[in-house]
Amino acid sequence: MSYEVYGPYIPVIMLITFIGLFIWVLLPGNKKRFDEASQLPFADEEQHKKSEEEQNRPEETHNRRDDK
């Protein structure tokens, strides 16, 4: 049970694994999940922009002179 026995089968196993993963990625049922996962790095940017807008919004100041 050494490399001489199993060695020739390793490239075949690797090829079958690659083809299986390739088909799995291209299945139409997985498209929505992969599209959502591809947008995850940008989700933090949107939250960051919203928090910056809230911080940069000028505060409405009200002084008592305006009441007169």
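Begin with the whole chain in view: of its 68 residues, 3% count as buried, and the model you are looking at is a predicted one. The accessible surface of the chain comes to about 7200 Å², with carbon and sulfur atoms accounting for 60% of that area.

Switch next to a cartoon representation, where the chain shows 4 helices and 0 strands, so that the order of elements from the N terminus reads α-α-α-α.

Then colour by confidence before looking at any side chain. The mean pLDDT of the chain is 81, and 65% of its residues reach 70 or more. Confidence is highest in helix H2, with a mean of 95, and lowest in helix H4 (residues 40–56), with a mean of 73. Where pLDDT is low, the predicted coordinates should not be read in detail.

Select helix H2, which covers residues 10–26, and display its aromatic side chains as sticks. How many aromatic pairs does a search of the whole structure find? The search finds 2. In one of them, the rings of Phe-18 and Phe-22 have their centres 6.2 Å apart and their planes at 25°, so this pair is stacked. These two residues are 4 positions apart in helix H2, which means that about one helical turn separates them. Phe-18 counts as exposed at 53% relative accessibility, whereas Phe-22, at 48%, counts as partly exposed.

For the other pair, select Trp-24 and Phe-34: their ring centres lie 5.4 Å apart and their planes stand at 90°, so the arrangement is edge-to-face. This pair links distant parts of the chain, since Trp-24 belongs to helix H2 and Phe-34 to helix H3, 10 residues apart. Both partners are partly exposed, Trp-24 with a relative accessible area of 39% and Phe-34 with 29%.

Keep Phe-34 on screen and add Arg-33, whose charged end sits over the ring of Phe-34, 5.8 Å from the ring centre.

Stay with helix H3, residues 31–38, and turn to its charged side chains. Which two residues meet in a salt bridge? They are Asp-35 and Lys-31, with a distance of 3.0 Å from N to O, and the structure holds 1 salt bridge in total. Asp-35 and Lys-31 are 4 residues apart in helix H3, and therefore about one helical turn lies between them. Asp-35 itself is partly exposed, with a relative accessible area of 36%.

Finally, show the molecular surface and select Leu-15, Phe-18, Ile-19, Leu-21, Phe-22, Ile-23, Trp-24, Val-25, Leu-26 and Leu-27, which together make a nonpolar surface patch of about 1000 Å². The patch takes in both rings of the stacked pair, Phe-18 and Phe-22, and it also includes Trp-24, the residue that meets Phe-34 edge-to-face. To finish, centre the view on Leu-27, another member of this patch: is this residue placed in a helix or in a loop? Leu-27 lies in the loop between helix H2 and helix H3, and at 41% relative accessibility it counts as partly exposed.

Key: Residues numbered from 1 in each chain as written. Predicted model: local features only at pLDDT ≥ 70, side-chain atom pairs only at ≥ 80, totals over all residues. Heavy atoms only, no water. Salt bridge = Lys/Arg side-chain N within 4 Å of Asp/Glu carboxyl O. Buried < 20%, exposed > 50% of the residue type's maximum accessible area, 1.4 Å probe, protein only. Patch = residues over 30% accessible without salt bridge, like charges linked within 9 Å, V, L, I, M, F, W, Y side chains within 5 Å. Areas by Shrake-Rupley, 256 points an atom, 1.4 Å probe, with all protein chains shown as cover. Phe/Tyr/Trp six-rings, centres within 6.5 Å; stacked < 30°, edge-to-face > 60°. Lys NZ or Arg CZ within 6 Å of the ring centre and 35° of its normal. pLDDT = per-residue confidence, 0-100.
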